[in-house]
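This report goes through a single protein chain, from its overall layout to one enclosed helix and a set of charged pairs. Please keep the sequence and the structure at hand while reading.

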Amino acid sequence: MQISSRFSVAVHVLSLLALPEQDAVLLTSERMAGSVNTNPVVIRRILGQLKKAGLVEVRPASGGTFLTRQPAAITLLEVYRAVEVVEEGQLFSVHDKPNPACLVGRHIQSALDDTLQRAQKALEQVLAHATLQQVTTDIAAKALIP
């Protein structure tokens, strides 16, 4: 089982909006979907979540989408929280209804709880210290964009 791809798609979309050469191009959900290689409906759904979180401004009727803050002021944790519907301490889950008559089934959740909560906190700490600017700088370096 994997964590959903909404986070990486959201970072992809925000990176498109943050890169300087994109200023000359009106970025519609169709153009973003072309870059992500997905359906524009998926992009519009994610943009709605990013808008609700205050990370983007969406201008209707092909007015485009814009960041509300500088990329250096947007943490990846904010992006993650905007698009992932995960309550605090609930990133990982143990399968539903393990057999209570089984020793392992009866205790697996409590045996894993502490470890999984620490893993989620570690992920969130890393994301809290990473910014959209770092992502776009890395993209630009890999693409040899000045």
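The sections below cover the fold, helix α4, its packing with α3, and three salt bridges.

## Overall layout

The model is predicted. The protein chain contains six helices and two strands. Read from the N terminus, the elements follow the order α-α-α-β-β-α-α-α.

Of the 146 residues in the protein chain, 33% are counted as buried. The chain exposes about 9400 Å², and carbon and sulfur atoms supply 56% of that area. Among contacts between residues at least 6 apart in sequence, 63% join residues at least 24 apart.

## Helix α4

Helix α4 spans residues 76-83, and six of its eight residues are buried, so the helix is largely enclosed by the rest of the structure. The buried residues are L76, L77, V79, Y80, A82 and V83. To be counted as buried, a residue must have under 20% relative accessible area.

Which helices do the buried residues of α4 pack against? They pack against α1 (6-18), α3 (40-52), α5 (103-128) and α6 (132-143).

One residue of α4 that is exposed is R81, because its relative accessible area is 53%, and the cut-off for exposed is over 50%. The side chain of R81 takes part in a salt bridge, described further below.

## Packing of α3 with α4

The axes of α3 and α4 are 8 Å apart, and the two helices pack at an angle of about 115°. The crossing of α3 past α4 is right-handed.

On the α3 side, the residues in this contact are I46, Q49 and L50; on the α4 side, they are V79, A82 and V83. By class, the contact has five nonpolar residues, one polar residue and no charged residues. V79, A82 and V83 are also listed among the buried residues of α4.

## A salt bridge between α4 and α5

The structure holds seven salt bridges. One of them joins the side chains of E124 and R81, at 3.7 Å from N to O. This pair links distant parts of the chain, since E124 belongs to helix α5 and R81 to helix α4, and the two residues are 43 apart.

Are the two partners buried or exposed? E124 is buried, with a relative accessible area of 14%, whereas R81 is exposed, at 53%.

## Salt bridges within α5 and α6

An α-helix has 3.6 residues a turn, so residues three or four places apart point the same way. Two further pairs have this kind of spacing, one in α5 and one in α6.

In α5, the side chains of D114 and R118 form a salt bridge at 3.2 Å, N to O. The two residues are four apart, about one turn of the helix. D114 is partly exposed, with a relative accessible area of 47%.

In α6, the side chains of D138 and K142 meet in a salt bridge at 3.1 Å, N to O. D138 and K142 are likewise four residues apart, about one turn of the helix. D138 is partly exposed, with a relative accessible area of 39%, while K142 is exposed, at 65%.

Terms used
Residues are numbered from 1 along each chain as its sequence is written. This is a predicted model: local features need pLDDT of at least 70, side-chain atom pairs count only at pLDDT 80 or more; totals for chains, interfaces and linings use all residues. Side-chain values use heavy atoms; hydrogens and water are left out. Buried means under 20% relative accessible area, exposed over 50%, partly exposed in between (1.4 Å probe, protein chains only). Contact means heavy atoms within 4.5 Å. Accessible areas come from the Shrake-Rupley method with a 1.4 Å probe; for residues, only the protein chains shown count as cover. Axes are lines fitted to C-alpha atoms, for helices over the stretch in contact, and angles run from 0 to 180 degrees between N-to-C directions. A crossing is left-handed if the near helix is turned anticlockwise from the far one by less than a right angle, and right-handed if clockwise. Ala, Val, Leu, Ile, Met, Phe, Trp, Tyr, Cys and Pro count as nonpolar, Asp, Glu, Lys and Arg as charged, and the others, Gly among them, as polar. A salt bridge is a side-chain nitrogen of Lys or Arg within 4 Å of a carboxyl oxygen of Asp or Glu.
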